Amino acid sequence: MTTLTGSVAAGRRPTRWGMVAWYAVLLLVAALTVIPFLWLLSTSLKGPEDAVVAMPPELLPGHPTFENYVRVWERLPVWRFFLNSLIVATVTVVLNLFVSALAAYPLAKMRFPGRDAIFYLLLATLIVPAELTYIPGFLMAVQLFQYIDTLQSLILPGIFSAFNIFLLRQAFQTVPDELIDAARIDGAGEFRIWWQILLPTIRPTLATTAIFTAVGSWNSLLWPSLMLRTRELYTLPVGLNSLRGMFESDFRAVAAGAIMTVIPIMIFFIALQRQFVRGLTSGAVKG
Amino acid sequence: MRRSLTPYFFLTPALVMMAVFTLLPLLAVAGLSFTEYDVLRPPVFVGFDNYVDLLTEPDFWQALGHSVIYLIVTPTLIVLSIVLAIAVNRSLPGIGAFRALYYIPVVTGSVTVGIAWRWLFDTRGGLVNGALTWLGLNDFVSGLGFGNAPLNWLTAPEFTLPLAMSMTVWMGVGYYMVVFLAGLQSIPDDLYDAAVIDGCNGWQKHWHVSLPGLRPSIVFVAVISSLSALKVFDEIYVLTNASGGRLNSGVTIVFYLWEQAFRLQNVGYASAVALVLLVITLAFSIFNVRWLERGQEEAR
């Protein structure tokens, strides 16, 4: 199992010059990764006296200030954007995992007529691009559900995920049948078996599935910007996008907004980086 | 009786959601593609008119062409992330920090990255033109035929797609690196030892052992990254301020769909575009699966 921080089995300790060469590569890539963020950060801290447009560019703010952050904070309800994103991501994850895990149990552990047909139907929906459903999805949101410009409109279409059903089905398949049979003999109902025995045993898979679903929801842009009209309902990406229009030529403010919106996801990532990588390596590539 | 219905109880919520949010929209979009519909008036059946219009519309073919060009990101991502995976697959002090760092762009979100990109490539204040000036490369850049330095990266049509692709690669390489890292770590050490005994040096070792061992990961990455490249939208949207770029230079198939459906209210026509996208995706998936199967047979 790979973790971002764990040691490596396959890699050997290279020679001294080999080490220098590899560090050079690693540092170069690290620089390419960090520079866009640092450039935003530097711009966001520049005061009115510091040139934003200059050639050669001023790399560091001469008069660092948080003024730009304050300006964005005062003009835009950034806190609301954050809260909206948090609500949408959390509710989507909980409902998505509940529905997916429910469906995954019989697909992994029960025999019943139509199981293969249902399985292949789910498989087929993986191919359908989400973009395809946006036109009718939009019409449904306006006419049928009448939930355009609400947070529900972001949550409900995000509940079904064939991909998550597959990941959880795979995890359920590794649970020994004896465990389930024993519980059945003890008189437990199927729902109780699912809730009290199966779900706890696949907790790591649930965690990684939750994380990837959350990040996907947190960063999604196209659908939320189709649905949301009221500024107080904007999620962070939609809000940040609107900020670009508001502060058209005010690069300092736009940069400050970008930095502000990136902080929560950074904290989330740093706190959970082990789960991020476990999810990638356990589910995806067992081909 | 109870036992026999149980599996369906468990499946019902997922199947209902699938029906409402995937299957029903799929049928609806297929139906709409045979109508003329502007949301205000009820749809009018027009037969295959939308498809005829689409096939004779240069803008559609241009968008399709851009999406095909965009597939360049797939080989780029594969090569870069394999190199990166090999680089971080060794026990050097601090390697964990590098791996985590490389993953950060994956979770950052396209609006933030788009803002960073626009600001890096800004003509007068951007870091890229600044670096080119500082390195004394302006004469060289002016000689490339894209105009005189400093270059207008964001407005020159020939740069719209390359900039968007660079964004896709920058945001994706960390993700695929981890996929390849997992692939590398599943290759048994004995194979590398045997290669060394057979006289392989460092690079030959990776060529003869790592690459064949990574085959399933390569297929996985090829499938995932090419499907998402065909559907690229966010990068174009944020880089061109939702304009699609000068002379439509950044309009890809999904951007075209979005523009037709939600900006111009040509809902019927846009639905036909959506259906073409589905057919392309299907063809692509079938091709990829065949390729995967062939690879597995060869491996045996």
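**Entry 1: a pocket**

I began with the second largest pocket, which holds about 880 Å³ of space. The model I am working from is predicted. Which residues lie nearest the centre of this pocket? I found A:Leu32, A:Thr33, A:Ile35, A:Pro36 and B:Trp170 there, out of 28 lining residues.

Next I looked up the elements that give two or more residues to this lining. From chain A there is α1 (16-44). From chain B there are α4 (73-88), α5 (95-108), α6 (110-120), α7 (127-134) and α9 (157-185). I noted that α1(A) supplies the largest share of the lining, six residues.

Then I sorted the lining of the second largest pocket by class. I wrote down 25 nonpolar residues, three polar ones and no charged ones.

**Entry 2: cavities**

I turned to enclosed space. Rolling a probe the size of a water molecule over the atoms shows where empty space is left. How many cavities of 30 Å³ or more are there? The count comes to four. The largest cavity has a volume of about 100 Å³.

I listed the residues around the largest cavity. From chain A they are A:Trp218, A:Asn219, A:Leu236, A:Pro237, A:Leu240, A:Thr261 and A:Ile265. From chain B they are B:Thr108, B:Gly109, B:Ser110, B:Val111 and B:Thr112. The elements with two or more residues in this lining are α10 (203-219), α12 (236-246) and α13 (251-284) of chain A, together with α6 of chain B. By class, I recorded six nonpolar residues, six polar ones and no charged ones for the largest cavity.

**Entry 3: chain A as a whole**

I looked up the secondary structure of chain A and found 13 helices and zero strands. Is chain A more spread out or less spread out than a compact globule? The radius of gyration of chain A is 24 Å, while the globule rule gives 19 Å for 287 residues, so chain A is more spread out than a compact globule. Along the principal axes, its C-alpha trace spans about 75 × 65 × 30 Å.

I also checked burial, and 54% of the 287 residues of chain A count as buried. The exposed area of chain A is about 13,400 Å², and carbon and sulfur atoms supply 65% of it. For contacts in chain A between residues at least 6 apart in sequence, I noted that 73% join residues at least 24 apart.

**Entry 4: chain B as a whole**

I repeated the look-ups for chain B. Its secondary structure comes to 15 helices and two strands. The C-alpha atoms of chain B fill a box of roughly 75 × 70 × 30 Å along the principal axes.

Of the 300 residues in chain B, 54% are buried. Its accessible surface is about 13,500 Å², with 67% belonging to carbon and sulfur atoms. Among the contacts of chain B with a separation of 6 or more, 67% are between residues 24 or more positions apart.

**Entry 5: two serines**

I picked A:Ser85, which lies in helix α3 (residues 78-109) of chain A. Is A:Ser85 buried or exposed? Its relative accessibility is 2%, so A:Ser85 counts as buried. Leaving out residues up to four places away in sequence, I found that A:Ser85 touches A:Trp218, A:Thr235, A:Leu236 and A:Pro237. I had already met A:Trp218, A:Leu236 and A:Pro237 in the lining of the largest cavity.

I then looked up B:Ser81, in helix α4 of chain B. B:Ser81 has a relative accessible area of 0% and is therefore buried. Which residues is B:Ser81 in contact with, leaving aside neighbours within four places in sequence? I found B:Val173, B:Tyr176, B:Met177 and B:Phe180. I also looked up the separation of B:Ser81 and B:Leu151: they are 70 residues apart in sequence and 29 Å apart in space, C-alpha to C-alpha.

**Entry 6: positive phi**

Last, I checked backbone angles. Most residues other than glycine have a negative phi.

I noted A:Asp149, which is not a glycine but has a positive phi of about 65°. A:Asp149 sits in the loop between α5 (134-144) and α6 (152-155) of chain A. With a relative accessible area of 18%, A:Asp149 is buried, as the cut-off for buried is under 20%.

I also noted B:Asn241, again not a glycine, with a positive phi of about 50°. B:Asn241 lies in the loop between α13 (234-239) and α14 (253-263) of chain B. Its relative accessibility is 37%, so I wrote down B:Asn241 as partly exposed.

Key. Residues are numbered from 1 along each chain as its sequence is written. Chains are lettered from A and ligands numbered from 1 in the order in which they are written. This is a predicted model: local features need pLDDT of at least 70, side-chain atom pairs count only at pLDDT 80 or more; totals for chains, interfaces and linings use all residues. Side-chain values use heavy atoms; hydrogens and water are left out. On a 1 Å grid over the protein atoms alone, a cavity is a set of points where a 1.4 Å probe fits but cannot get out, and a pocket is an open set with protein on both sides within 12 Å along at least five of seven lines; lining residues have an atom within 4 Å of a point. Grid points are joined across faces, edges and corners, and a volume is the space filled by probe spheres set on the points. Helices (H or I, at least four residues) and strands (E, at least two) are DSSP runs, numbered from the N terminus. Ala, Val, Leu, Ile, Met, Phe, Trp, Tyr, Cys and Pro count as nonpolar, Asp, Glu, Lys and Arg as charged, and the others, Gly among them, as polar. The radius of gyration is taken over C-alpha atoms; the globule rule is 2.2 Å times the number of residues to the power 0.38. Buried means under 20% relative accessible area, exposed over 50%, partly exposed in between (1.4 Å probe, protein chains only). Contact means heavy atoms within 4.5 Å. Accessible areas come from the Shrake-Rupley method with a 1.4 Å probe; for residues, only the protein chains shown count as cover.
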